[in-house]
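The following paragraphs lead through the side-chain geometry of one protein chain, beginning with charges and rings and ending with polar contacts. The sequence and the structure are shown first.

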Amino acid sequence: MRWEKLGRLFCPTGDIEWMRSHATVPIAEHVSGDLFRIYFGSRDASQRSHTGYVIVDLSSPARILEVARSPVLVPGNLGEFDDSGALASWLTVVGPTRYLYYIGWNLGVTVPFRNAIGLATASVDGPFSRFAAGPLIDRSMTEPHFVGSCCVLHEAGLWHMWYLSCVGWTQLADGPRHRYHIKYASSDDGIHWRRDGRVAIGFANEQEYAISRPSVVRDGELWRMWYAYRGDRYRIGYAESADGLNWTRLDHAVGIASSESGWDCEMIEYPYVFDHGGQRYMLYNGNGYGKTGFGLAVLVSKA
């Protein structure tokens, strides 16, 4: 496959208090016609994460039509799992309800942070509110470190989740370094999740230590996943599956890479793939894990 980059769409200018920097982990929600609301995580002056959005027209995506003046999600109350940040990860619409799964995080002491997965819900046109003060998925007896960015699809009454799962920390000279890959969970209601330790995307080698931000699309009998993976720097990877459970990595076939110069020349990560008007699009981040904003690409040659 081959993706054509359409350019950077948005990067915060720093004039909004809760959106001083970053536009990370973008998610697209169809509004009407060619209009899309793009959710993303930003940071305030204290580096706390908030979720905001911009509205774009895919027929002319370089022009931002609206920038949120108030956040969609804000950090939780003191001591809650998301008091350092609430960063949207995936939006799933089932019937009249929109389910916004998000990464909640706390600052750590022995390690820099701890993540968990929370949920906010809304009606078709209503504002989002937290489903609960606590997380849906957190560290457990069998996953003792943390969980993070997820993709959630609802298919024939069954909910599927592919999510980041940390398998450990390593103490390096410049501080602790996490190691995480992508696992699978299922649910009957999108709230209560079954986790049996099934790995969806595992490490390719010892140098690889971070695989995150799964984005899954089902094309008939074929399941496709895009994700970010990192050894020396983040890249976007690609895998296929016949059942959504057992995946074959085909990173060489992903068809998109860092640019030679500019905002995404050092790294490219956190893909979100969606279809509209007979075309397939990808939102993604570049240098600095979203500090340089997010861009858009369109698929011009299929695998």
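In this predicted model, R179 is placed over the face of F203, 3.8 Å from the centre of the ring. A second arrangement of this kind involves R249, which lies over the face of Y229 at 5.1 Å from the ring centre.

Rings also associate with one another. A pair of aromatic rings is described by the distance of the centres and the angle of the planes. The structure holds 25 aromatic pairs. One of them is formed by F10 and F40, with 5.3 Å from centre to centre and 40° between the planes, a tilted geometry. This pair connects distant parts of the chain: F10 belongs to strand β1 (residues 2-10) and F40 to strand β3 (residues 35-43), with the two residues 30 apart. Both F10 and F40 are buried.

The rings of F146 and W169 can be read in the light of the angle limits. Their planes stand at 55° and their centres are 5.9 Å apart; because this angle is neither under 30 degrees, as stacking requires, nor over 60, as an edge-to-face arrangement requires, the pair is tilted. Here too, distant parts of the chain are linked: F146 sits in the loop between β9 (129-130) and β10 (147-155), whereas W169 lies in strand β11 (residues 158-172), 23 residues apart. The two partners can also be described by their accessibility. F146 has a relative accessible area of 1% and is therefore buried, the limit being under 20%. W169 has a value of 22% and is partly exposed.

Ring pairs can also join into a group. F36, W90, Y272, F274 and Y281 are linked in this way into a cluster.

The loop between β9 and β10 also contains D138. With a relative accessible area of 17%, D138 counts as buried. Its side chain is joined to that of R114 by a polar contact of 2.6 Å. Apart from neighbours within four places in sequence, the residues in contact with D138 are R114, N115, A116, V147 and R195.

Strand β6 (residues 85-94) holds S89, which is buried at 0% relative accessibility. The side chain of S89 reaches the backbone nitrogen of C150 at 2.7 Å. C150 also appears among the contacts of S89 beyond four places in sequence, which include V25, I27, Y101, Y102 and R213.

Definitions and conventions:
Residues are numbered from 1 along each chain as its sequence is written. This is a predicted model: local features need pLDDT of at least 70, side-chain atom pairs count only at pLDDT 80 or more; totals for chains, interfaces and linings use all residues. Side-chain values use heavy atoms; hydrogens and water are left out. Rings of Phe, Tyr and Trp (its six-membered ring) pair if their centres lie within 6.5 Å; planes under 30 degrees apart count as stacked, over 60 as edge-to-face and the rest as tilted. Helices (H or I, at least four residues) and strands (E, at least two) are DSSP runs, numbered from the N terminus. Buried means under 20% relative accessible area, exposed over 50%, partly exposed in between (1.4 Å probe, protein chains only). A charge sits over a ring if NZ of Lys or CZ of Arg is within 6 Å of the ring centre and within 35 degrees of the ring normal. A polar contact is a pair of N or O atoms within 3.5 Å; within protein, one must be able to donate a hydrogen and the other to accept it, and residues adjacent in sequence count only if both atoms are side-chain atoms. Contact means heavy atoms within 4.5 Å.
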